[in-house]
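This briefing considers how the strands of a protein pair and how its nonpolar residues pack together. Please consult the sequence and the structure below while reading the points that follow.

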Amino acid sequence: DVIVHTSRRLTTEIEKIPADFYLIDASGSMWDGWASWKDVVGASIKPGGKVYLSIMKGCRNGQSMSSISPQGGTEIWYSYWKVLKSMQHGQTLAIVSDFQSNVPLTLRESNILQSIVESKSIRVIAISP
């Protein structure tokens with residue numbers, strides 16, 4: 001198999017991670033141009049992997065990623081919790097985000113997320129642009 005794309009670091013990082021789930025921050029702060037978004041969409045995602053976008057508005061279930069324009073704030077924590085709840089024991093989650101949330105995570109919320117990760121032995125990998 002041959003994959004041809006730009007040499008953008010973000011795309012290269014995603015290709016190195018054979019995750020079961022990908023959570024991609026689709027906030028305005030993450031993307032400085034449409035080309036970056038298209039690189040992420042075109043990245044080599046593991047066969048059978050599920051890709052979720054975290055976006056405050058302007059997106060619906062089943063919508064093509066290439067038809068979504070990154071916008072709004074970074075409120076990734078609810079999306080992270082929601083994806084963790086749907087994962088099975090031993091799976092891997094790759095999160096692409098700058099984690100610049102307007103609503104900081106409390107210690108209690110952080111502990112809840114960590115508890116889910118530990119109880120399901122989920123491997124979480126964060127990729128920041």
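Two strands are taken to pair if DSSP finds at least two bridges between them. In this predicted model, residue Y22 of strand β1 stands opposite V51 in strand β2. The points below begin with β1 and its partners and then turn to the nonpolar cores.

**Strand β1 and its burial**
- Strand β1 spans residues 21–25 and is mostly covered, with five of its five residues buried.
- F21, L23 and D25 point one way from β1, whereas Y22 and I24 point the other way.

**Pairing of β1**
- Strand β2, residues 50–54, is joined to β1 by five bridges, and the two run parallel.
- Strand β3, residues 92–96, also runs parallel to β1 and is joined to it by four bridges.
- On the β3 side, L23 stands opposite I95.

**The largest nonpolar core**
- The largest nonpolar core comprises 13 residues, and those with the most contacts inside it are L23, Y80, L84, M87 and L93.
- Two or more residues of this core come from each of β1, α3 (76–86), β3 and α4 (107–119).
- Helix α3 gives the most to this core, contributing four residues.
- Leaving aside residues up to four places away in sequence, Y80 touches L23, L93, I95, L113, V117 and V124.

**A separate core**
- Apart from the largest core lies another core, of 11 residues.
- Among the residues of this other core are I24, I55, I68 and V96.
- I24, one of its members, points from β1 the other way from L23, and L23 belongs to the largest core.

Note on methods
Residues are numbered from 1 along each chain as its sequence is written. This is a predicted model: local features need pLDDT of at least 70, side-chain atom pairs count only at pLDDT 80 or more; totals for chains, interfaces and linings use all residues. Side-chain values use heavy atoms; hydrogens and water are left out. Buried means under 20% relative accessible area, exposed over 50%, partly exposed in between (1.4 Å probe, protein chains only). A nonpolar core is a set of buried Ala, Val, Leu, Ile, Met, Phe, Trp, Tyr and Cys residues joined through side-chain atoms within 4.5 Å. Contact means heavy atoms within 4.5 Å.
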